[in-house]
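Please open the structure in a viewer and keep the selection tool at hand. The stops below are meant to be visited in order.

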Amino acid sequence: MSNYVLKYSRDDRVKYISHLDFVRLFHRTIRRSGMNFVFSQGFNPHPIMTVAQPLSVGVTSDCEYMKVGFDGEYSEQEIIETINNAFPPGYKILAAKHVEGKEIDITRIDRAVYTAEFEYEGNAEPEKLLLYDELKVMKKSKSGLKESDIRPYIYSIEKTADENGIAVIRMCIAIGSVYNLKPQSVIDAMEKYLDNFKAGFMTVHRNLMTIGDKELL
């Protein structure tokens, strides 16, 4: 058995595929590739595979991670080329690393950088959010909608482009098991706390996921 951490991308062609559908798609991809998963033990064996921080439907990314166990030894370049040759268009393995134990622990990912592009009315000045001590918005939880203060989980935010009523902002926010903040909640805070701001159609791209300030691959 050999374990690998894979970094992969998802583009516009497949951004509406759900997490569970992606897992099934990846299983089929490995079967087509001729490689062999390592399976768990017990009454219901399944491939040993962990995806870090599943991507929301409609969001693109070039920084997704998974840990996969294979029955056999493969070079990192062989992993990349073999899977990419079997992947459907829209997904691509960007990097691979053979790991031992928790050499790279993808469960510890705790922040992500996103780029959001959206139509808007009013004043789009996201940096003003950082002036507030608290930013309370309605956020979905396991028990339903509840008000949550998201200010401690916005590490940075800036507008990088603004033209013809379309703005682009880049934000670094919390992600993971301790607190998982979605870009939509940040936009909700902008609508609540910025004067006359109203967002319209939006696209979101995940640029980076890190443990603290450290990138995994």
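Select D11, which is partly exposed because its relative accessible area is 25%. This tour concerns a predicted model. Now add R13 to the selection: D11 and R13 form a salt bridge, with their closest N and O atoms 2.7 Å apart. R13 counts as exposed because its relative accessible area is 61%. The model holds 11 salt bridges in total, and two others are worth a visit.

For the next stop, select E64 and R206. Their side chains form a salt bridge with an N to O distance of 2.7 Å. This pair joins distant parts of the chain, for E64 belongs to strand 3 (residues 59-70) and R206 to strand 10, with 142 residues separating them. Are E64 and R206 buried or exposed? Both residues are buried.

Proceed to K192 and E147. Here the salt bridge has its closest N and O atoms 3.8 Å apart. Once again distant parts of the chain are linked: K192 lies in helix 3 and E147 in strand 7 (residues 144-149), 45 residues apart. K192 is partly exposed, since its relative accessible area is 47%. E147 is likewise partly exposed, with a relative accessible area of 47%.

Keep helix 3 in view and turn to the pockets. Which elements supply at least two residues each to the lining of the largest pocket? They are helix 3 (183-193) and strand 10 (198-211). Strand 10 makes the greatest contribution to this lining, namely 5 residues. To find the centre of the largest pocket, select S56, V57, V59, K182 and P183, which lie nearest to it among the 20 lining residues. The space in this pocket amounts to about 370 Å³. Colouring the lining by class gives 11 nonpolar, 6 polar and 3 charged residues.

The second largest pocket, with a volume of about 300 Å³, is the next stop. To display its lining, select M138, K139, K140, S141, K142, L145, N180, K182, Q184, S185 and D188. Two or more of these residues come from each of strand 6 (136-141) and helix 3. Strand 6 provides the largest share, 4 residues. By class, this lining comprises 2 nonpolar, 4 polar and 5 charged residues. K182 deserves a second look: this residue is among those nearest the centre of the largest pocket, and it also lines the second largest pocket.

Next, select residues 154-163 and residues 166-174, which are strand 8 and strand 9. The two strands pair in the antiparallel sense over 8 bridges. Which residue of strand 9 is the bridge partner of I154? The partner is I173. Follow the chain to the turn of this hairpin, where 2 residues lie between the strands and N164 takes a positive phi near 55°.

For the final stop, select C63 and C172. How many disulfides does the model contain? The count is 0. C63 takes part in none, and the cysteine sulfur nearest to its own, that of C172, is 11 Å away. From the side of C172 the result is similar: this residue is in no disulfide, and the nearest cysteine sulfur is that of C63, at 11 Å. The 11 Å separation does not meet the cut-off, because a disulfide requires the two sulfur atoms to be within 2.5 Å. C63 counts as buried because its relative accessibility is 0%. C172 also counts as buried, with a relative accessibility of 11%.

Methods
Residues are numbered from 1 along each chain as its sequence is written. This is a predicted model: local features need pLDDT of at least 70, side-chain atom pairs count only at pLDDT 80 or more; totals for chains, interfaces and linings use all residues. Side-chain values use heavy atoms; hydrogens and water are left out. Two strands pair if DSSP finds at least two bridges between them. Buried means under 20% relative accessible area, exposed over 50%, partly exposed in between (1.4 Å probe, protein chains only). On a 1 Å grid over the protein atoms alone, a cavity is a set of points where a 1.4 Å probe fits but cannot get out, and a pocket is an open set with protein on both sides within 12 Å along at least five of seven lines; lining residues have an atom within 4 Å of a point. Grid points are joined across faces, edges and corners, and a volume is the space filled by probe spheres set on the points. Ala, Val, Leu, Ile, Met, Phe, Trp, Tyr, Cys and Pro count as nonpolar, Asp, Glu, Lys and Arg as charged, and the others, Gly among them, as polar. A salt bridge is a side-chain nitrogen of Lys or Arg within 4 Å of a carboxyl oxygen of Asp or Glu.
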